[in-house]
Amino acid sequence: MSRPRDPAEERLGWLLCTPAVLAMLLVTGYPILYAIWLSLFRYDLRFPDQREFAGLANYASVLTSGVWWQALGNTLIITVGSVAIELVLGMLLALVMRRALFLRRTVRASVLVPYAIITVVAALAWKFAFDPVTGFVNPWLGLEQPWLTQRWSAFLVIILTEVWKTTPFMALLLLAGLTLVPQDLLDAARVDGANAWQRFFRVTLPLMRNAVLVALLFRTLDAFRIFDTVFVQTRGAQGTETVSVVGYHTLVTRLNLGLGSAVSVLIFLCVLAIAALFVRGLGASFAAEDRS
Amino acid sequence: MIKALAAALAVLPLVGCDGQAPGAPVLNWYVFDEPSGAFAAAARRCAESSNGAYRVALKPLPADADQQREQLVRRLAAGDDDIDIIGMDVIWTPEFAAAGWILPWPEAQSQTARGGRIAASLASASYDGRLWAAPFTTNAQLLWYRTDRVPRPPRTWDEMIDMAEALGDNGTIQAQGERYEGLTVFFVSLLASAGGSVLSADDEAPALPDGPTREALRILHRLATSPASDPALEGAREDQTRLAFESGDSSFMLNYTYVWPSARANAPEVARHMGWARWPAVDADHPSRVTIGGINLGVGAFSEHPILALAAAACIAGADNQRLAAERGGLPPTIAALYDEPQVRQTFPFADLLRDTLRDAVQRPQTPLYNDVSLAISRTLHPLSGIEPAQDVPRLRDAIGRALRSEGLL
Amino acid sequence: MSGERGLLEGLFWRAGSLLVIVYALLPVAWIVALSLKPAANLNDKRFVPQRFSLEHYRAIFADAQFPAALWNSIGIAAISTLLAVLLATFAAYAIVRLRFRGRNLVLAAALSIAMFPPVAVIGPLFDLWRTLGLYDTWLGLILPYMTFTLPLAIWTLAAFFREIPWDLDQAARVDGATPLQAFRYVIVPLAAPGVFTAAILVFIFAWNDFLFAAALTSTNAARTVPAAIAFFTGSSRFELPTGSIAAASVVVTVPVTLVVLLFQRRIVAGLTAGAVKG
């Protein structure tokens, strides 16, 4: 398979990749460097004349603030909560999609609906559903609960919305993993007297390990960036603010670019840390599969 | 800024010559989307009376004041020359003025814009000793109550909560407790009624005198933990409270005057028993002081037609258009004399009460950092049920101090 | 015994299927129902409307805001999709078919951007855009959308391209086809499904975005539907435009849902291709 490198081919390869790489560098690489630069200044667009070098003061300000740590905690609550539920639910969904022949096409198609719906729309739909004045949830459950005005019930609604919206994606990734489990292996286990439970945990799950880990990595990083749902449902009130919402408020509402950039850089570092953790956790098996 | 104005003045004759041309400049008026068409009619009228010197195009902003500001501020920070006239919430004056986003009104036009205006409305349009906008509409909360359940309106907050608790299930008080600007309004009104103020006289440092602040916090806490408050209090804004009151299960509501035409249209049964009174006081001997709201018309600093924009803003904010906005849109005027006109009194049967309330009205802190200060207040006080007056007074002072130094996350 | 078990198991999966369908469609049905309630019934807390009315639909199309946002959304998403897929096709072709140093670097860069938190760049982008005059313009949104969808497009296309039997091209040329003919009649039909899938996924991303739209636009000039809905101007200063929000939501949900249902299999293939085969 290995051919000697051809300089013309090398050139063409780079030529074809350059536009994409350039776009990625210009719109993400440069701004993140600019954000690091801005984060070292006292820079508020409402007082543009007072721009001055501030060293690490913005970082000190963020890291000593209760708001940041609470937002980080909230983000982790939402991330862990939604990803954990999605994993279980997504696995069930994947099993249904794989096993059920009844309405198979309808099932597979309807699962894509949450994926295709605009997050803002989904968040509003659930917000109205749980609203004590407008919504149907309270009468159905026989409650009079103002869901989004209390911290933990607000988390519940936010997590529910996230789960509803993204479980299908999780399920599809898991379904792809499920199809890699050979049916004869399962049949053999059944012949050996393993019940459905044992077959799932002893045969299916170990064979799906990589698919599960990849799905978790994608969803965890995605969930950590959560912004739309929280912004629409609570705007960060009731102590549900996430790091992205804090960043948005500081940058866009307060126009405090210095402080906001420090928040941005810290969020970036958090994402790097999570990714590194996963990649390490995925370990050799992921790397091996990646190479193949 | 001044230089820009001078330059614009120099160009004025040219604009005058050009005025009659069919391609008269279009002035963009950014203001919240007014459903009755009163703003559109005012814009049309002024354009006509300008004899073709300008036309005015309405540019609708979101319903929520925080979101209006968010959009405007981003455009103004981007130096947008598309913004000619701004329907400014009263709280934006110092911020927009200090950032150089709006033009100060020259003395000649100021005279017109000041004429006959309620003092509190004028104060809301002034900063640093100058006028920055023409007071157009105003607003203040009144107490709305059920005359069929309550024999006479309560004078103080404690009296109202007692009355509501005695009424049981129907006694509910509707107020705005969500973490947003409305909560700051609530707190500032309570604090002022208790005889305190948020900032020191020079608007540079937090004041928050111990006694009044603690009293204001005590009332907020008492309301939030009373069985008489709506369970949704901590997520309620103006409109949720209006809807809840219209459903008939509440006996008291603190809200703006728009609830009156709304109740008459949507819940005539409730409207029949709807009474109004002055916002409750903190102690019976001192009448309440309520936060003033409303819209002032400012002129964008990057506007290409500042002189025309000033003229148009002055015209739109004039008496005729205030009358129009009052009758059609239900927006209370800033010209005191209008409250004596029969037509206006028909729209606002509570005209005298409203004018008296406005005369005693209090300003929210007049600092360029108001937005941060307001966030600091609503963040510290929310949720209301978690307030502990003794600890929260220093916490509030500290948070506002940080906001005034533009420090820290909010 | 085993027949009974089979029956039970069948029932179990059937019930599961129904549950999945209800789960997926419940909020959609709710927002449709809400949008059809007359204003006076909006707060009746019922799921099924008592009376039907199209007043909210008429209202959103009578106002200038929503049609403008719809047009912006369609235009911006379409142009971003076109550009992203074009650039990604070049890159994916090079990655799959050509051997050059840094091939894995491109893939890794794409992957790291897929993980990048967009909120980290909105501040700098806002500051840059306002100096460059890109604030509140189509281009100001197209650039970030294109960039943030490139990774998805590159990975999806690369996965598809790996499956294409490129040698057919040579075979066609041996049979006397010109290179152009070989490309037109052999390669294009083979690559089209992958390109199309990538385009759908990119379009959905751009159509869905709220953060950039909220931060980098402010008027009808470039504000897209998600931001327009979230910042809807209510009919009065204090009123919540619940009915308009619901109607607008339905209008933007229906077409995309139809596309997704029509191309269900392609999308499933696309969503899983990058992750599993990559």
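In helix H18 of chain B, which spans residues 389–404, Asp392(B) and Arg395(B) sit 3 residues apart, about one turn of the helix. Their side chains meet in a salt bridge, with an N to O distance of 2.6 Å. The two partners can be told apart by their accessibility: Asp392(B) counts as buried, at 3% relative accessibility, whereas Arg395(B) is partly exposed, with a relative accessible area of 45%. The model in which this pair is found is a predicted one.

A pair in chain A can be read alongside this one. Asp222(A) forms a salt bridge with Arg219(A), and the closest N and O atoms are 2.9 Å apart. Both residues belong to helix H10 of chain A (residues 209–224), and because they are 3 residues apart there, about one helical turn separates them. Here Asp222(A) is partly exposed, its relative accessible area being 35%, while Arg219(A) counts as buried at 1% relative accessibility.

Another salt bridge of chain B joins separate elements. The side chains of Asp340(B) and Arg355(B) meet at 2.9 Å, N to O. Asp340(B) lies in the loop between helix H14 (319–329) and helix H15 (342–347) of chain B, and Arg355(B) lies in helix H16 (residues 351–359) of that chain, so the pair ties together parts that are 15 residues apart in sequence. With 47% relative accessibility, Asp340(B) counts as partly exposed; Arg355(B), at 10%, counts as buried.

Over all chains the structure holds 39 salt bridges. Some of the charged residues form a network: salt bridges link Asp44(A), Arg46(A) and Arg254(A) with Arg69(B), Glu95(B) and Asp372(B). This network includes residues of chain A and of chain B.

From charged pairs the account turns to the nonpolar interior. The largest nonpolar core has 180 residues, and Trp68(A) and Tyr248(A) are those with the most contacts inside it. Helix H7 of chain A, residues 151–178, provides the largest share of this core, 15 residues. The surroundings of Trp68(A) can be listed, leaving out residues up to four places away in sequence: it touches Val62(A), Leu63(A), Val243(A), Val263(A), Leu266(A), Ile267(A) and Cys270(A), and also Leu409(B). The contacts of Trp68(A) thus include a residue of chain B. Apart from the largest core lies another, of 77 residues, among them Val185(B), Leu191(B), Ala361(B) and Leu396(B).

The interface of chain A and chain C comes next. In it, 94 residues of chain A are in contact with 90 residues of chain C. The area buried between these chains is about 8400 Å², and carbon and sulfur atoms give 76% of it. On the side of chain A, Met24(A), Val27(A) and Ile118(A) lose the most area to chain C, together 7% of what that side buries. Across this interface the rule finds 1 salt bridge, and the side chains of Glu10(A) and Arg101(C) meet in a salt bridge at 3.1 Å, N to O. The count of residue pairs in polar contact between the two chains is 11, with both residues at pLDDT 80 or more. Helix H1 of chain A (residues 7–38) supplies 20 residues, the largest share of the side of chain A that touches chain C. By residue class, that side divides into 69 nonpolar, 11 polar and 14 charged residues.

Chain C also meets chain B, in a contact that takes 24 residues from chain C and 28 residues from chain B. The area buried between them is about 2100 Å², with 53% given by carbon and sulfur atoms. The rule finds 5 residue pairs in polar contact across this interface, both residues being at pLDDT 80 or more. It also finds 1 salt bridge there; Asp136(C) forms a salt bridge with Arg75(B), with the closest N and O atoms 3.1 Å apart. On the side of chain C that touches chain B, helix H5 (119–132) and helix H9 (211–216) of chain C each supply at least two residues. H9(C) gives the most to that side, with 3 residues. The residues of chain C on this side divide into 10 nonpolar, 8 polar and 6 charged.

How values were computed
Residues are numbered from 1 along each chain as its sequence is written. Chains are lettered from A and ligands numbered from 1 in the order in which they are written. This is a predicted model: local features need pLDDT of at least 70, side-chain atom pairs count only at pLDDT 80 or more; totals for chains, interfaces and linings use all residues. Side-chain values use heavy atoms; hydrogens and water are left out. Contact means heavy atoms within 4.5 Å. Buried area is the accessible area (1.4 Å probe) that two parts lose on being put together, summed over both. A salt bridge is a side-chain nitrogen of Lys or Arg within 4 Å of a carboxyl oxygen of Asp or Glu. A polar contact is a pair of N or O atoms within 3.5 Å; within protein, one must be able to donate a hydrogen and the other to accept it, and residues adjacent in sequence count only if both atoms are side-chain atoms. Helices (H or I, at least four residues) and strands (E, at least two) are DSSP runs, numbered from the N terminus. Ala, Val, Leu, Ile, Met, Phe, Trp, Tyr, Cys and Pro count as nonpolar, Asp, Glu, Lys and Arg as charged, and the others, Gly among them, as polar. A nonpolar core is a set of buried Ala, Val, Leu, Ile, Met, Phe, Trp, Tyr and Cys residues joined through side-chain atoms within 4.5 Å. Buried means under 20% relative accessible area, exposed over 50%, partly exposed in between (1.4 Å probe, protein chains only).
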